[in-house]
Number of protein chains: 2
Amino acid sequence: MASKNREMPDPAFRPHDHSRCRRKVLAAASRHARDQGLRLTPVRRRVLEILLENHRAMGAYEVLERLAREGWGAQPPIAYRALDFLARHGFVHKVRRLNAYVACTRSTHSDPPLLLICRACGRVGEAEGAGISREIGAIAGARGFSVERLGVEALGLCPACAADGGAGA
Amino acid sequence: MASKNREMPDPAFRPHDHSRCRRKVLAAASRHARDQGLRLTPVRRRVLEILLENHRAMGAYEVLERLAREGWGAQPPIAYRALDFLARHGFVHKVRRLNAYVACTRSTHSDPPLLLICRACGRVGEAEGAGISREIGAIAGARGFSVERLGVEALGLCPACAADGGAGA
DNA sequence: GTAGTAATGTTATATTATAACTTGTAATAT
DNA sequence: ATATTACAAGTTATAATATAACATTACTAC
């Protein structure tokens with residue numbers, strides 16, 4: 001077992017072999033789509049690839065611009081529909097604080113992650129949120145509230161930027 | 001001690017003496033502003049009052065419309081500036097999932113709450129998030145990420161709407 | 001191959017938010 | 001009291017984000 005993710009810092013914040021990282025996620029996504037009977041069509045796949053180019057979140061219009069330059073439709077719904085599909089099925093996460101989208105790089109597309117947003121470099125990491133989710137569910141449940149969807153976003157400084165003094169990336 | 005809030009369901013989801021609820025919060029806000037040297041000016045106070053009319057979140061333009069009808073400026077910055085001020089100082093919370101604002105009804109304006117958003121009736125409750133915040137801080141910290149701001153939003157059904165079968169309010 | 005369904009393309013517009021500058025108001029120092 | 005300063009409110013304009021509605025194309029099941 002080469003990696004035991006539980007106590008590893010998120011790769012998003014460390015130098016790593018990103019082209020491998022990207023390929024792995026994409027392959028996993030393809031498999032997941034096939035298994036679930038989801039249609040990971042060319043645009044959708046391309047949007048995922050674009051988001052996977054780095055660990056930053058991109059706005060819908062930024063994605064759209066890329067698509068347009070590559071010959072896809074140039075109207076907002078093109079990007080929004082692909083992003084909505086990807087988000088609905090857990091391939092990407094919507095970062096509400098940024099009105100932007102980031103590719104999910106975790107192995108599971110099920111439970112919602114804890115998003116770690118670096119305010120200096122803009123990179124977004126994901127921590128497993130299962131424990132937190134359970135706990136929040138319990139707190140809410142004690143108040144009679146049943147949680148259906150959960151979003152947890154932390155804004156702060158990633159290790160690298162904290163080392164830089166928090167000023168820049 | 002009349003109420004021990006820790007294991008009480010949020011009043012937002014139960015019938016209660018709302019005019020008392022509202023007055024209490026407003027009085028506490030005034031006190032807080034005075035103590036902190038914050039200028040709770042007429043527009044700002046009025047915006048807080050408007051949000052306090054019920055436990056739902058309102059969009060900035062909805063607030064603006066109210067202000068305009070009451071003779072205040074009718075341009076977006078009027079509303080946004082008041083809302084930004086109130087949010088910066090914890091008098092209201094921005095509900096990112098809704099792009100809307102809800103008055104904070106907790107006694108403390110310090111730590112970030114866990115927002116409970118009912119998808120059926122639109123009411124928003126707040127649970128104390130201190131424990132959760134600590135835990136998230138720990139998880140992030142273990143990855144070298146230092147959390148500065150945290151947002152936790154749960155979408156689901158409040159007790160009343162769950163009893164209704166989740167269809168309406 | 002036809003019918004039904006889902007995805008894409010396109011036009012138009014709605015919604016949310018901010019920049020930049022002007023005018024007013026309140027606190028502070030003299 | 002009045003000049004100075006700083007902050008708040010008003011105004012104009014526009015930027016950024018998102019969706020509705022409908023036409024066309026592609027895939028799927030029969």
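A polar side-chain atom of Y61(A) lies 2.6 Å from a base nitrogen of DNA strand D. This is a polar contact, that is, a pair of N or O atoms within 3.5 Å; within protein, one atom must be able to donate a hydrogen and the other to accept it, and residues adjacent in sequence count only if both atoms are side-chain atoms. The model is predicted: local features need pLDDT of at least 70, side-chain atom pairs count only at pLDDT 80 or more, and totals for chains, interfaces and linings use all residues. Residues are numbered from 1 along each chain as its sequence is written, chains are lettered from A and ligands numbered from 1 in the order in which they are written, and side-chain values use heavy atoms, with hydrogens and water left out.

Chain B also reaches DNA strand D. A polar side-chain atom of R81(B) is 2.3 Å from a base nitrogen of the strand. For T41(B), a polar side-chain atom lies 2.5 Å from a phosphate oxygen. Two or more residues each come from α4 (76-88) of chain A and from α2 (42-51) and α4 (76-88) of chain B. Helices (H or I, at least four residues) and strands (E, at least two) are DSSP runs, numbered from the N terminus. The largest share of this surface, four residues, belongs to α4(A). In total, 17 residues surround DNA strand D, and Y61(A), K94(A), T41(B), Q75(B) and R81(B) come nearest. A residue is near a strand if one of its heavy atoms lies within 4 Å of it. Sugar and phosphate make up 46% of the atoms of DNA strand D within 4 Å of the protein. The surface holds seven nonpolar, four polar and six charged residues. Here Ala, Val, Leu, Ile, Met, Phe, Trp, Tyr, Cys and Pro count as nonpolar, Asp, Glu, Lys and Arg as charged, and the others, Gly among them, as polar.

DNA strand C has 16 residues around it, of which T41(A), R81(A), Y61(B), Y80(B) and K94(B) come nearest. A polar side-chain atom of T41(A) is 2.5 Å from a phosphate oxygen of DNA strand C. R81(A) places a polar side-chain atom 2.3 Å from a base nitrogen of the strand. The largest share of the surface near DNA strand C, four residues, comes from α4(B).

The two protein chains also meet. In all, 35 residues of chain B are in contact (heavy atoms within 4.5 Å) with 36 residues of chain A. About 3,200 Å² is buried between chain B and chain A, and carbon and sulfur atoms give 56% of it. R96(B), R143(B) and F145(B) supply 23% of the area that chain B buries against chain A, more than any other three residues. Buried area is the accessible area (1.4 Å probe) that two parts lose on being put together, summed over both.

Two salt bridges cross the interface of chain B and chain A. A salt bridge is a side-chain nitrogen of Lys or Arg within 4 Å of a carboxyl oxygen of Asp or Glu. One joins R119(B) to E148(A) at 2.6 Å, N to O. Between the chains, ten residue pairs are in polar contact. On the side of chain B that touches chain A, β5(B) gives the largest share, twelve residues.

Strand β5 (residues 146-157) of chain A runs antiparallel to β5(B), joined by eleven bridges. Two strands pair if DSSP finds at least two bridges between them. V147(A) stands opposite G156(B).
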